[in-house]
Amino acid sequence: MKSVEEVDAWAQRAHAGQVDKIGVPYVEHVRAVAAGLVPFGDELVMAGLLHDVLEDTDTTAGDLLGAGVPARVVEIVEAVTHRPGQAYEERIRRITGDPLATLVKIADNAHNSRPDRAAGLSADLRERLAAKYRTARATLWAAADRRDVEAIVRAVNPALLVELDEGR
């Protein structure tokens with residue numbers, strides 16, 4: 001798998017039948033994350049498409065490598081993947097150790113924070129997630145170049161531009 005199209009097809013198959021918290025096919029989330037990474041090149045787009053595949057499917061890093069996914073893409077996907085027993089805040093700090101994984105997580109956070117997605121959640125869950133994502137953004141955005149953050153946010157969730165302007 002050396003092309004974005006092949007990776008997109010893999011993501012489509014891997015997430016087939018999965019839906020997000022508001023009932024939208026899960027592949028739409030990974031595609032939205034990937035779309036925010038287009039300015040950074042094909043490897044980051046691939047990482048965006050695959051960012052949840054190790055966590056949410058039976059796919060392994062070895063499967064990805066065996067299918068021809070570039071090793072650096074697999075490293076980024078592994079970097080953003082939840083590790084059992086690791087607190088969310090610790091995971092975010094760990095991710096910021098890899099500048100490219102940081103960009104993927106910024107795009108993921110931005111898409112998860114979209115007002116149209118949050119509107120479909122219960123008020124309690126919406127508030128809990130908003131606080132969680134806001135706290136994560138403070139760490140993620142501080143670890144990345146402002147221009148990169150702005151490019152991602154503009155593409156994935158323009159509503160966050162106000163927060164970006166207020167925070168930096």
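Let's start at Arg146, which is partly exposed at a relative accessible area of 28%. This is a predicted model, and in it the side chain of Arg146 meets that of Asp165 in a salt bridge, with 2.8 Å from N to O. The pair links distant parts of the chain: Arg146 belongs to helix 11 (residues 146-156) and Asp165 to helix 12 (residues 161-167), 19 residues apart. Between helix 11 and helix 12 runs a loop, and Pro158 is found there. Why does Pro158 count as partly exposed? Its relative accessible area is 44%, and the partly exposed class takes in whatever falls between under 20% (buried) and over 50% (exposed). If you want a sense of distance, try Pro158 against Lys2: they are 156 residues apart in sequence, and their C-alpha atoms are 31 Å apart in space.

Now for the other charge pairs. Side chains of opposite charge can pair when their charged atoms come close. How many salt bridges does the structure hold? The count is 13. One of them joins Asp20 and Arg117, whose side chains meet at 2.8 Å, N to O. Asp20 sits in the loop between helix 1 and helix 2 (26-35), while Arg117 sits in helix 9 (residues 115-118), so this pair ties together parts that are 97 residues apart in sequence. Are these two partners buried or exposed? Asp20 is buried, with a relative accessible area of 10%, and Arg117 is buried as well, at 15%. Both values fit the cut-off, because buried means under 20%.

The bridge between Asp124 and Arg128 is a more local affair, at 4 residues apart and about one turn of the helix, with both residues in helix 10 (residues 123-142). An α-helix has 3.6 residues a turn, so residues three or four places apart point the same way. The closest N and O atoms of Asp124 and Arg128 are 2.4 Å apart. As for the surface, Asp124 is exposed, with a relative accessible area of 51%, whereas Arg128 counts as partly exposed at 49%. The two labels differ because the exposed class needs over 50%. Salt bridges can also join up into something bigger than a pair: Asp8, Glu28 and Arg31 are linked in a network of them.

Some acidic residues gather at the surface instead. Which residues form the negative surface patch? They are Glu5, Glu6, Asp42 and Glu43. Helix 1 (4-14) and helix 3 (42-50) are the elements that give two or more residues to this patch. Take Glu5, which has its place in helix 1: this residue counts as exposed, at 59% relative accessibility. Helix 1 has a covered side to its story too. Val7 is found in the same helix, yet Val7 counts as buried, at 0% relative accessibility. From Val7 to Val38 is 31 residues along the chain, and their C-alpha atoms are separated by 14 Å.

Last stop: helix 8 (residues 99-112). With 14 residues, helix 8 reaches 20 Å from its first C-alpha to its last, close to the 20 Å expected at 1.5 Å a residue. How many of its residues are buried? The answer is 12 of 14, so this helix is mostly covered. The buried set has nonpolar members, including Leu103, Val104 and Ile106, but charged residues turn up there as well, among them Lys105 and Asp108. Asn109 also has its place in helix 8, and at 1% relative accessibility Asn109 counts as buried. Measure across from Asn109 to Phe40 in your viewer, C-alpha to C-alpha, and you'll be spanning 17 Å in space and 69 residues in sequence.

Methods. Residues are numbered from 1 along each chain as its sequence is written. This is a predicted model: local features need pLDDT of at least 70, side-chain atom pairs count only at pLDDT 80 or more; totals for chains, interfaces and linings use all residues. Side-chain values use heavy atoms; hydrogens and water are left out. Patches are made of residues with over 30% relative accessible area and no salt bridge: like charges are joined within 9 Å, nonpolar side chains (Val, Leu, Ile, Met, Phe, Trp, Tyr) within 5 Å. Accessible areas come from the Shrake-Rupley method with a 1.4 Å probe; for residues, only the protein chains shown count as cover. A salt bridge is a side-chain nitrogen of Lys or Arg within 4 Å of a carboxyl oxygen of Asp or Glu. Lys and Arg count as positive and Asp and Glu as negative; His and the chain ends are not counted. The place of a charge is taken as NZ of Lys, CZ of Arg, CG of Asp or CD of Glu. Buried means under 20% relative accessible area, exposed over 50%, partly exposed in between (1.4 Å probe, protein chains only). The expected span of a helix is 1.5 Å times one less than its number of residues.
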